[in-house]
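This report walks through selected local features of one protein chain, going from its surface to its sheets and then to its backbone. Please keep the sequence and the structure in view while reading.

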Amino acid sequence: MQKMAELLGLRDECGEGTLGAPAPAGSCLADNRLNLDVYPDGCRRFLQLFEEQQGELVQVEFLRLSSNDCLLDTALGSLPHLKHLRSLVLKGGHARDEFGSYQHGSLTSLPPDFGNLRCLSHLDLSFNRLSTLPSCILHLPSLRVLMVSHNSLVTLPEDFGSLSKLTFFSAMKNQLKDLPQSIGELSMLQDLNLSENALELLPEEVGNLHNCTELDLSGNRLLSIPDSLANLKSLRRLHLHSNLLVTVPASLASLPNLSRLDLQNNCLRAIPAEIQALPFVHVRGNPLGETEPSPQADTSSTRRLKRLFLASGEGSFTVTSEGCRVVLACGIHFYFPPGAASAPLRIHFRSLTPDPQWVKLRHHDVLLSRVLELQPHGIQFQQEVQIWMPFISPQTPHQHEVVVRTFSGQSWNDLKTRVKQKRKSKKCVAHCCVLHFSWFLVVSRLVQNECKVPAEGTLLFSSVDPNIKVVFPPGVTQEPRSVKLQVLPVSAEEIKEITAHAECRASPLLYLSQDSPVDFLKPVRIQLPLPPGVTGLNLDRSRLHILHGDLEGQTWNDITSEVVLEFTHLYAVFEVTHFSWYWLWYTTKTYIGGIAKKVYERLRLYQVNFIALQRKRDPEQVLLQCVPKHKVDPVLKKLQDRYRGPEPSDMVEMFEGEQFFAAFERGISIDMDRPDCVDGRLSFIFYSHLKNMKEIYVTSPVDRKDQAVKGQVSFYRGAVPDSIPEDASRRRRGPDSLWLATLPIKLPQLKPRWDENPSPLYGFSFPPLNLGNAETGYLTQANLLSIARRVGADWQSIGLNLGLTYQQIERIGYNNREDLNKQILDMLFSWAQQNSEDPDCVSKLIRALKESGRQDIADEVEAIVELGRQKYSESIRRLGLEQESSTEDSAIAVIST
C-alpha cells in the first residue's frame with residue numbers, strides 16, 4: 001500500500017500529467033464493471049481506486065485496462081486481489097506510432113498468483129509482447145475464452161489441454177510453429193483461430209475437438225492436414241486458405257454440418273471429386289489441372305507461379321522460396337520471383353491516408369494514390385520484388401512524369417518507374433522493383449532528366465523542351481557527379497492573367513540540382529529559349545532579365561548584370577557555377593523579383609470550390625467536398641439524384657497538401673469525438689487528384705419539434721505545407737484570412753419517432769420483437785434488454801460489426817448523448833427492427849459480439865438461444881401446445897436467470 005501511495009503521489013513519468021492530481025476515478029466504477037482502457041491514465045485510476053475504494057473494487061467482475069499504459073506492471077500486482085473477476089481485458093493497440101500503426105502493449109508476463117482468479121472465465125491479452133504463454137493461465141479453472149492474438153508466441157505449453165472448460169481460443173498473428181498434442185483434450189472448444197502463424201504440421205489429436213464449429217488455419221505453412229479432421233462432426237466453417245496445401249482428404253466432404261470450406265491460394269493441382277462438388281467450397285488461386293513438372297525440367301520455364309487473390313478483409317499473405325503472384329482487392333499486384341525469399345515469410349500490408357506531416361511533397365508534385373505500407377520493414381530480398389500500384393491519371397502528362405516514391409524511415413526517394421494503362425479498365429498502374437519493403441506512394445513530378453558528369457564534360461538537355469540545354473565543359477569537375485534537370489513550361493496566358501500586364505513574358509522555368517555541395521570548377525553553359533514573341537531581331541536588352549531563385553522559390557534575384565549574356569535568333573545563353581532555379585523574363589517592370597515570386601507561388605495553387613449537399617432521403621446526412629474548379633459540374637451531375645443543396649461556393653485557391661477545416665455553425669453540430677475532429681471542426685487535407693470528401697451526420701441542440709433549423713457550414717484554412725513561402729503563409733493567418741467560404745445547411749422539422757413516448761425503462765418504448773425462428777431459437781424484447789445491461793462502452797464497436805454505418809452510430813450517440821443506456825438500447829433495437837425478418841440475425845449478433853471482443857455476452861446469447869431450442873423441443877411434444885409458447889417460456893426463463 002505504501003509503495004502504491006508513493007506512485008500515486010509522484011509525477012507521471014510517461015507524460016500523462018501529475019499522478020497526484022485529482023481525477024474522478026470513482027466515477028469510472030459502474031456497478032460491477034470497470035472500463036479504464038479508454039483513459040490515457042487508466043492504470044493510475046485503477047491504482048487510485050485500489051487505494052481509496054478497495055472494498056468496492058474487489059467486487060468488480062469485469063475489468064478492462066490498456067497494456068500501453070506505463071503503469072501496467074504496477075497495476076498487475078493488484079489484480080489477484082479481485083477474487084470475483086470474471087472478465088479481464090489487458091489489450092494493447094490503444095496507441096499508434098507516427099505512421100498510424102498500432103503499438104503493441106508492454107505485457108510480457110503475468111504475476112504467479114494470477115492463477116488464483118478462480119472465477120475468471122474471459123481473458124484477452126491481444127496486441128502484446130508475449131513470447132510464451134504464462135503458466136499461471138493454465139491454473140484458471142473457469143477459463144472459457146482466451147485471446148492472445150497479435151503476440152510473439154512460438155509454441156504453446158505441453159499441458160495446454162488442461163484448460164478443460166475452454167470454448168473459444170484465438171492465437172492469430174503469432175509465430176506458432178507447432179501445437180501440443182494435448183490440444184485434443186479441449187473437449188468443449190467451439191471456436192479455434194490459429195490463422196497467420198507458421199504452422200507446418202497439425203497433430204492428429206486436433207480431430208478430437210468434437211464440439212468445434214469453426215476452425216481457422218489460414219495463412220500458415222501447412223502442406224497437408226490430418227484425416228482426423230473428418231471426425232469434427234460439429235464443424236461448420238473450415239478456413240484453410242493461404243497455405244501450401246498440395247492435398248486435402250476427401251473425407252472432409254462427409255462433415256454433416258459444414259457450410260464453408262475455404263481452400264483458396266494453396267498449391268492444389270487436384271481436388272477430390274467429393275469436395276469439388278460441394279456448393280460452399282472455394283478453390284480460387286490454386287494451380288488446378290496443371291501437371292507437376294519433372295525434376296529434370298527447366299523450372300524457370302515450365303513451372304507456373306502460385307497466384308494469390310486476397311479479399312478486402314485480408315491484410316497479409318505468405319511468400320515462400322518458390323515465389324508467387326499476389327493480387328490485392330484494391331488492385332495492387334506483386335510478383336515475388338523464385339528465390340526472392342530464402343525462407344517462408346509473412347507479408348503484412350495496409351493502405352494509409354496520406355498525412356502531410358510525413359508525406360513531404362516537393363515543388364509542383366501531385367499526389368496520385370494513397371500510401372501503401374508493406375511489412376516487415378527493411379528486410380532484404382534475394383531478388384527484386386515487382387509492385388504494380390494503381391493511380392489517378394495526372395492532368396498534365398507532358399510536363400509531368402509518374403513515379404513511385406518510397407520512404408526509408410528518414411526520407412522519401414523516387415524509384416525507377418514504368419507506367420502502363422490496362423486495356424479493359426483503362427486504369428493506370430505504376431510499376432517498380434524493390435529489394436526491401438517500407439512505405440510507397442505514387443506521385444506526379446516535373447519530368448526529370450539526369451546524367452553523370454565526368455571530368456571530360458558532357459551535354460544535358462530537357463525532354464520537355466529540347467531547346468533547353470546545359471553544356472558541361474572539360475575539367476568542370478574532378479570526380480563524377482550526378483546532375484538533374486527539370487522544366488516547368490509557363491504559357492503566355494498564365495503570365496498575363498497573374499501579372500495583369502500584357503507586356504510581361506517569361507521563358508520556361510528551369511531547375512538544376514546536383515548531388516555534390518561543391519560548386520563546379522568551371523562555368524556551366526545554359527541555353528534557354530527567349531520568351532514568346534521575342535527574337536534576336538526585336539530584342540530590347542534593357543527589358544530582358546535573368547532571375548535566380550533559391551531552392552524554395554521564396555527569393556528571386558536579378559542576376560542579369562552578374563553574368564555574360566549571349567543571344568541568338570531564338571535563344572539566350574549564359575554561364576553559372578552553382579545550381580538552382582533560373583528564369584528568363586521580358587518586361588518593362590523594374591522590381592521583377594517580386595513579380596516572379598508572385599507568379600511562382602500562383603503556379604503552385606489550385607482553384608477550387610466547396611460543395612455542401614444533404615441527402616434527399618435523410619437531410620441530416622451531409623456531404624462536404626473540396627472540388628477543383630474544372631470538376632465541379634461533373635461531380636454535381638453525378639450527385640444530383642441523391643443529394644440536394646446550395647450552389648457551390650465562390651472559387652478559392654489552395655496548395656497541394658494544404659489543410660482546411662469545416663465548421664458547422666448557427667445551430668448545427670457534429671460528434672466532437674470523431675478522430676478527424678479538431679476543436680469542433682472537421683479536418684481535411686487538400687490533394688488535387690484525390691477525393692477531398694466526407695459524409696457525416698449532423699444534429700442540432702435546438703428543439704426541432706416545432707421548427708426547422710437554418711444553420712451553415714464554414715470552411716477555414718489550416719496548416720499550409722512546410723515548403724510554402726513564408727509571406728504566403730503569413731497572409732493566411734488571422735481571423736479574416738482563415739475564412740474561405742460559407743454554405744447554408746437546413747435541418748427540417750422533426751417528425752414524431754417511435755421511441756419518443758417515455759416508459760419506465762430508460763424513457764424508451766419498444767415494439768414487440770421475435771428475432772430468429774423457433775427451431776434455431778428466438779431472441780425477444782426481454783432478451784435484448786437483458787443483453788443491453790452488459791454492453792457498456794463497447795456499444796459502438798458492436799454496432800459497427802452488426803452492419804450499422806458510422807453515420808448511424810454518430811447519430812445514435814448524439815441523440816442520446818447524456819445517457820449511455822439509451823445509446824445502447826437505441827443501437828440494439830434499431831438493428832433489431834431492420835433485421836427482424838432475417839432468419840440468420842441471431843447468428844449475426846453472436847458473431848458481432850465475438851468480433852467486438854465480447855465473448856462473454858456472446859456466450860449469454862448462445863445460452864438464451866439454446867434454452868429456446870430446448871423449450872421448443874419440449875413444446876412440440878406436448879399435445880395441442882402452440883409454437884408461441886416456447887418463445888414465451890424462453891423469455892420467462894431468461895428473465896428469471
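Lys416 is found in the loop between β22 (412-414) and β23 (418-421), where helices (H or I, at least four residues) and strands (E, at least two) are DSSP runs, numbered from the N terminus. The model is a predicted one, in which local features need pLDDT of at least 70 and side-chain atom pairs count only at pLDDT 80 or more, while totals for chains, interfaces and linings use all residues. Residues are numbered from 1 along each chain as its sequence is written, and side-chain values use heavy atoms, with hydrogens and water left out.

**Surface patches**

Lys416 counts as exposed because its relative accessible area is 80%; here buried means under 20% relative accessible area, exposed over 50%, and partly exposed in between (1.4 Å probe, protein chains only). Together with Arg418, Lys420, Lys422 and Lys427, Lys416 forms a positive surface patch. Patches are made of residues with over 30% relative accessible area and no salt bridge, like charges being joined within 9 Å and nonpolar side chains (Val, Leu, Ile, Met, Phe, Trp, Tyr) within 5 Å. A salt bridge is a side-chain nitrogen of Lys or Arg within 4 Å of a carboxyl oxygen of Asp or Glu.

A nonpolar surface patch of about 260 Å² is made by Leu459, Phe461 and Val471, the areas coming from the Shrake-Rupley method with a 1.4 Å probe. Val471 belongs to strand β28 (residues 469-472) and is partly exposed, with a relative accessibility of 34%.

**Sheets and strand pairs**

Strand β28 also has a place in an open sheet of five strands with antiparallel pairing, in the order β27-β28-β32-β36-β35. At its edges stand β27 (458-461) and β35 (566-567), each with a single partner strand, so one side of each has no neighbour in the sheet. Two strands pair if DSSP finds at least two bridges between them; β35 and strand β36 (residues 571-576) pair in the antiparallel sense over two bridges, and Glu566 has Val573 of β36 as its bridge partner.

Another open sheet of five strands, likewise with antiparallel pairing, has the order β43-β44-β42-β46-β47. Its edge strands are β43 (677-678) and β47 (739-747), each of which pairs on one side only. Eight bridges join strand β46 (residues 709-717) to β47 in the antiparallel sense, and in β47 the bridge partner of Val713 is Leu743.

Why can strand β20 (residues 385-391) be called largely enclosed by the rest of the structure? Six of the seven residues of β20 are buried, so the strand is largely enclosed. Strand β16 (residues 333-336) pairs with β20 in the antiparallel sense over three bridges, with Tyr335 opposite Gln386. Strand β24 (residues 428-434) runs antiparallel to β20 and is joined to it by seven bridges; there, Val429 is the bridge partner of Pro390.

**Backbone geometry**

Most residues other than glycine have a negative phi, and most peptide bonds are trans. The sites below depart from these habits, and each is given with its place in the chain.

| Site | Backbone value | Place |
|---|---|---|
| Gln375-Pro376 | cis peptide bond, omega about 10° | Pro376: loop between β19 (371-375) and β20 |
| Phe127 | positive phi, near 55° | loop between β5 (122-124) and β6 (145-147) |
| Lys173 | positive phi, near 55° | loop between β7 (168-170) and β8 (191-193) |

Lys173 counts as partly exposed, at 24% relative accessibility. Gln181 is found in the loop between β7 and β8 and is exposed, at 55% relative accessibility. Between Gln181 and Pro157, which are 24 residues apart in sequence, the C-alpha to C-alpha distance is 10.0 Å.

**Buried elements**

Leu624 lies in strand β39 (residues 621-628) and is buried, with a relative accessible area of 0%. Leu624 and Glu695 are separated by 71 residues in sequence and by 6.3 Å in space, C-alpha to C-alpha.

Helix α12 (residues 781-788) is largely enclosed by the rest of the structure, because six of its eight residues are buried. The buried residues of α12 are Asn783, Leu784, Leu785, Ser786, Ile787 and Ala788.

Key
Lys, Arg positive; Asp, Glu negative; His and termini not counted. Charge placed at Lys NZ, Arg CZ, Asp CG, Glu CD.
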